[in-house]
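Colleague: Got a minute? I'd like a quick walk through this one.

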Amino acid sequence: MWKLFAFLSAICAALTSIFAKYGMKDINSTLATAVRTVIVLLLAWSIVFINGNIRAIKDLTRMNWLFLILSGLATGASWLCYFKAIQMSEVSKVAPIDKLSIVFTLILSALILHERLTLKTMLGGVLITAGTLLFL
């Protein structure tokens, strides 16, 4: 089931870029990011309330809060940079570079989370990097 959600995530991410490019026509990329963020915020909290998960907020530890806040800051920085990049260039040029995040994630997951990098995973990372370089 996780593969289905991962695939749907990829499709939604692609649509995000296309919709954002149209949505930023003649406006500042930071404003566009802020508007998008409010929509994401409303959607996420709506789902939390609909599913009845709001009661679990009391179970969050300080570590949960710390790392969720850090994740949110990293997400915000990523979105701001990505929107600025697609405003300044073509989505088809920016998106492949953005996908280098996969390679960075593989490296950081091994270093920080101590996840095992297999030969297959490393080869995939090398191919992603090579593919990205072809787009430059």
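Modeller: Sure, let's go through the fold, the surface and the pocket. Keep in mind that this is a predicted model.

Colleague: How many helices and strands are there in the chain?

Modeller: Six helices and zero strands. From the N terminus on, the order is α-α-α-α-α-α.

Colleague: And what box do the C-alpha atoms fill?

Modeller: Roughly 50 × 45 × 30 Å, along the principal axes.

Colleague: What share of the contacts is between residues 24 or more positions apart?

Modeller: They account for 68%, counting contacts in the chain with a separation of 6 or more.

Colleague: What percentage of the residues is buried?

Modeller: 12% of the 136 residues in the chain. The cut-off for buried is under 20% relative accessible area.

Colleague: Then the surface. What area does the chain expose?

Modeller: About 10,700 Å². Carbon and sulfur atoms supply 75% of that area.

Colleague: Charges next. How many positive and negative ones?

Modeller: The chain has 12 positive and 5 negative charges. Their mean positions lie 4 Å apart.

Colleague: Now pockets. How much space is in the largest pocket?

Modeller: About 540 Å³. The lining has 17 residues.

Colleague: Which of them lie nearest its centre?

Modeller: A13, S78, W79, D98 and K99.

Colleague: Which helices supply at least two residues each of that lining?

Modeller: α1 (2-23), α3 (62-88), α4 (91-98) and α5 (101-111).

Colleague: And where does the largest share come from?

Modeller: From α1, with five residues of the lining.

Note on methods: Residues numbered from 1 in each chain as written. Predicted model: local features only at pLDDT ≥ 70, side-chain atom pairs only at ≥ 80, totals over all residues. Heavy atoms only, no water. Helix = DSSP H or I, 4+ residues; strand = E, 2+ residues; numbered from the N terminus. Buried < 20%, exposed > 50% of the residue type's maximum accessible area, 1.4 Å probe, protein only. Contact = heavy atoms within 4.5 Å. Areas by Shrake-Rupley, 256 points an atom, 1.4 Å probe, with all protein chains shown as cover. Lys, Arg positive; Asp, Glu negative; His and termini not counted. Charge placed at Lys NZ, Arg CZ, Asp CG, Glu CD. 1 Å grid on protein atoms, 1.4 Å probe; cavity = no way out; pocket = protein on both sides within 12 Å on 5 of 7 lines; lining within 4 Å. Points joined across faces, edges and corners; volume = space filled by probe spheres on them.
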